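I set out to read an unfamiliar structure and to keep a short record of each thing I looked up. The entries follow the order of my reading.

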Amino acid sequence: CGGEALPRDLAEELLTKGAALWNLYGPTESTIWSTVYQVEAAKLVKAQVPIGCPIANTQVYLLDSWGQPVPIGIPGELHIGGAGLARGYLHRPELSQQKFIHHQVAGRLYKTGDLARYLPNGTIEYIDRIDHQVKLRGFRIELGEIESLLRQHPAVEQAVVIVRQDEPTNKRLVAYIVGQASLEDMTHKLHGFLKKKLPNYMVPSAFVMLEALPLTPNGKVDHRALPVPDFTKLRPEDTFVPPRTPVEQVLSEIWTQVLGVERIGIHDNFFELGGDSFVSIQIIYKANQVGLPLIPKQLFDNQTIAELAVVANTLQTLQAEQEVNTEMVSFIPPSNEAKNYTSSNFPQAQINQKDLDKIFNKIKRSSKR
């Protein structure tokens, strides 16, 4: 089998129809085949079949962006060396120089543009094309890695993950799933499944269940035909916790307006809802307009409405105290007038008359020095 990544379900089907099954990998630039793997039913533990080890007279290196070998389990670009390499591209010297490189240790290599990693047993697992790698919220994300993990879930038959930008200021990871359960069940289960294995920024904001993935005439997934998710409902009903305080209510309304998500619970994560640094500025601006003295860093550190509301309440209290203190310091009444001021003159301070008298006496003493 060759030409496309071999999924586990197809491998299992092929094993029932033939005496032996071999998975081969290799680009035209290395004379078609470069690695080989004998597929055995007992070894099919992942959603995708490994591409194996190099064939004779061929060397394979997984290198990082600095040309250094990557450790086991860490993705790197697959480079090929050996007797099978082509001389280059006909009449295209610049492209030949770009793709056929000289490595200081390994010698002449072909940069495949494929992302792969070593498994603990030494075989190689193909992940995806490097140009399938995206940058979202400042993080580099390998979509193929998310897809590979999704396919490991027993209820998932096929999975495709893309970055959608249906609004100019909002990018979101979306997973399209062909599986055996309802949308609500799958959303809840897959979200929890991925959170155990991936950082928050790699967990899709939405999951879309499909009966089948749309395909192009040549059999590849047609990304343009993937439907727009309903971003207004990103959380199952049983995880929704409504606002409990006025500040939480205000923040909930702002988040709903800016993120375009309906019914945001106070424990829903800002980034999981599709938030990023640009969106955070919009939210903070609107919060400032209604009197919540927040800054973007506080949103990044407190990623739910419940957490952010606590910060906002604290800042409002401190701001009120500062305004009162500034008012008292900027107006120091003469000693003979101080006794005419009562706590009612400073309602925001919530201070009793005895403490107020102490403050004025302290001001009086300091003014005599």
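The entries below go from the whole chain to its cores, its aromatic rings and one patch on its surface.

**Entry 1: the whole chain.** I noted at the outset that this is a predicted model. I looked up the secondary structure and found 10 helices and 13 strands in the protein chain. The chain has 369 residues, and 41% of them are buried. I then turned to the contacts in the chain with a separation of 6 or more, and 55% of these come from residues 24 or more positions apart. For the surface, I recorded an exposed area of about 20,700 Å², of which carbon and sulfur atoms supply 53%.

**Entry 2: the nonpolar cores.** Which residues touch the most other members of the largest nonpolar core? I found L251, W255, L259, F270, I283 and L294, in a core of 25 residues. Two or more residues of this core come from each of α5 (246-259), α6 (277-289) and α8 (305-330). Apart from this core lies another, made of 22 residues, including L136, L150, A155 and A175. I also listed the neighbours of L294, leaving aside residues up to four places away in sequence. L294 touches L251, I284, A287, N288, L308, V311, A312 and L315.

**Entry 3: the aromatic rings.** How many aromatic pairs does a search of the whole structure find? The search gives 4. I examined the rings of F100 and Y110, whose centres are 5.1 Å apart. Their planes stand at 40°, so I entered the pair as tilted; a plane angle under 30 degrees would have counted as stacked and one over 60 as edge-to-face. F100 belongs to strand β6 (residues 100-103) and Y110 to strand β7 (residues 107-118), so the pair ties together parts 10 residues apart in sequence.

Are these two residues buried or exposed? F100 counts as buried because its relative accessibility is 9%, and Y110 counts as buried because its value is 4%. The limit I applied for buried is under 20% relative accessible area. I added that F100 and Y110 form one aromatic cluster together with Y89.

**Entry 4: a surface patch.** Which residues make the nonpolar surface patch of about 230 Å²? I recorded I32, W33 and I55. I then located I32 in the loop between β1 (21-25) and β2 (35-39). I32 has 37% relative accessibility and therefore counts as partly exposed, a class that lies between the limits of 20% for buried and 50% for exposed.

How values were computed. Residues are numbered from 1 along each chain as its sequence is written. This is a predicted model: local features need pLDDT of at least 70, side-chain atom pairs count only at pLDDT 80 or more; totals for chains, interfaces and linings use all residues. Side-chain values use heavy atoms; hydrogens and water are left out. Patches are made of residues with over 30% relative accessible area and no salt bridge: like charges are joined within 9 Å, nonpolar side chains (Val, Leu, Ile, Met, Phe, Trp, Tyr) within 5 Å. Accessible areas come from the Shrake-Rupley method with a 1.4 Å probe; for residues, only the protein chains shown count as cover. A salt bridge is a side-chain nitrogen of Lys or Arg within 4 Å of a carboxyl oxygen of Asp or Glu. Helices (H or I, at least four residues) and strands (E, at least two) are DSSP runs, numbered from the N terminus. Buried means under 20% relative accessible area, exposed over 50%, partly exposed in between (1.4 Å probe, protein chains only). Contact means heavy atoms within 4.5 Å. A nonpolar core is a set of buried Ala, Val, Leu, Ile, Met, Phe, Trp, Tyr and Cys residues joined through side-chain atoms within 4.5 Å. Rings of Phe, Tyr and Trp (its six-membered ring) pair if their centres lie within 6.5 Å; planes under 30 degrees apart count as stacked, over 60 as edge-to-face and the rest as tilted.
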